[in-house]
Amino acid sequence: MNSLIMEALRQRPEILALQDQETSAEKFGHAEHDLWRPTVSALGTVGVAPVRNDALPNWYGAVGVNINIPVFNGFLYNARAKTADLQTQAAKQRLLNERNNIARDVRTAWQQSQQAFERLGVTQQLREQANLGLNLAQARYNLGLGSIVELGQAELQKTEADIADTDAQYQYRLTRLVVAYTIGAPK
C-alpha cells in the first residue's frame, strides 16, 4: 500500500502543482530577503566630440558608480520578506494537507478493493451452494419427493446467488478502477 501512496504522490497533478507553488514561494522569499543587500551599479560612456575647441582632445569618457544601501526605507523590505516567508509556510502547509488527503484516499480505496476481493470468494461459495441446492431440489422433484414450489425456490436462490456473484465481480472491478484513479495511474 505504501508503494501505491508513493506512486500517487509522484503522479497526481495537484501535488505537482502545489510543489511548484511551494518552490516559487521559496524563491520569491529568497528574492525578498536579497533586497536587504546593497546594490552597486555603474554606467560608463565614451565618445568623440565632432565640434570642439582645438585645445581639447576630440574624445571623451565618463564613468559613474552608484551604491545603494537599503537602510532608511520605512521597514518596507522587512515587511515584504516576512510576507514572503508566511506565503512560503502557507504553500508548504497546503502541500502537506494535500499529501495527507491523497494518502487517506489511497488507503480508503485500497481497503475497499480488498473488501470487494474478499467478497468474491464468499459469493462464489454462495453460488456453489445454490447450484448444489438446485441439483438436490431437481433430484427430489424428479423422484417425486419434492414439490414444484421447492424446485422454484431453489432456482430463485441460484439466480440470486448468480446475481450476487456478478455484482461482487463488478464491484471488485470498480474498486480497482477507483484505486487506479486515486493514484493517478495513466490510462
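The following exercises, each with a worked solution, concern salt bridges, burial, strand pairing and helix geometry in a predicted model.

Local features are restricted to pLDDT of at least 70 and side-chain atom pairs to pLDDT 80 or more, while totals for chains, interfaces and linings use all residues. Residues are numbered from 1 along each chain as its sequence is written, and side-chain values use heavy atoms, with hydrogens and water left out.

**Exercise 1. Salt bridges between helices α3 and α4**

Task: State how many salt bridges the structure holds, and characterise the pairs Asp167 with Arg119 and Arg127 with Asp162.

Solution.

Step 1. A salt bridge requires a side-chain nitrogen of Lys or Arg within 4 Å of a carboxyl oxygen of Asp or Glu. The structure holds 10 salt bridges.

Step 2. In the pair Asp167 and Arg119, the closest N and O atoms are 3.3 Å apart. This pair links distant parts of the chain, with Asp167 in helix α4 (residues 148–183) and Arg119 in helix α3 (residues 76–143), 48 residues apart. Helices here are DSSP runs of H or I with at least four residues, strands are runs of E with at least two, and both are numbered from the N terminus.

Step 3. Accessibility is classified by relative accessible area: buried is under 20%, exposed is over 50%, and partly exposed lies in between (1.4 Å probe, protein chains only). Asp167 is partly exposed at 32%, and Arg119 is partly exposed at 33%.

Step 4. For Arg127 and Asp162, the closest N and O atoms are 2.8 Å apart. This pair also links distant parts of the chain, Arg127 being in helix α3 and Asp162 in helix α4, 35 residues apart. Arg127 is partly exposed at 30%, whereas Asp162 counts as buried at 19%.

**Exercise 2. A network of shared partners**

Task: Determine which residues are joined into one network by salt bridges that share partners, and describe the surroundings of Asp165.

Solution.

Step 1. Lys158 forms a salt bridge with Asp162, with the closest N and O atoms 2.8 Å apart. Both residues lie in helix α4, 4 residues apart, which is about one turn of the helix. An α-helix has 3.6 residues a turn, so residues three or four places apart point the same way. Lys158 is partly exposed, with a relative accessible area of 23%.

Step 2. Salt bridges with shared partners join Arg127, Lys158, Asp162 and Asp165 into one network.

Step 3. Asp165 lies in helix α4 and is buried, with a relative accessible area of 1%. Leaving aside residues up to four places away in sequence, Asp165 touches Leu120, Thr123, Gln124 and Arg127, where contact means heavy atoms within 4.5 Å.

**Exercise 3. The strands and the nonpolar patch**

Task: Describe the cover and pairing of strand β1, and identify the element that gives the most to the nonpolar patch.

Solution.

Step 1. Strand β1 (residues 39–48) is hardly covered, since the count of buried residues among its 10 residues is 1.

Step 2. Two strands pair if DSSP finds at least two bridges between them. Strands β1 and β2 (residues 59–68) are joined by 10 bridges and run antiparallel. Val40 stands opposite Ile67 in β2.

Step 3. Val40, Val63, Val65, Ile67, Ile69, Val71 and Phe72 form a nonpolar patch on the surface, with about 830 Å² of accessible area together. Patch residues have over 30% relative accessible area and no salt bridge; nonpolar side chains (Val, Leu, Ile, Met, Phe, Trp, Tyr) are joined within 5 Å, and like charges within 9 Å. Areas are calculated by the Shrake-Rupley method with a 1.4 Å probe, and for residues only the protein chains shown count as cover.

Step 4. The element that gives the most to this patch is β2, with 3 residues. Phe72 lies in the loop between β2 and α3 and counts as exposed at 84% relative accessibility.

**Exercise 4. The span of helix α3**

Task: Compare the expected span of α3 with the distance between its end C-alpha atoms, and examine Gln125.

Solution.

Step 1. The expected span of a helix is 1.5 Å times one less than its number of residues. For the 68 residues of α3 this gives 100 Å, and the end C-alpha atoms are 100 Å apart, which agrees.

Step 2. Helix α3 is followed by Gly144, whose phi is positive, near 85°.

Step 3. Gln125 lies in helix α3 and counts as exposed at 52% relative accessibility. The C-alpha atoms of Gln125 and Ala161 are separated by 9.1 Å, although the two residues are 36 residues apart along the chain.
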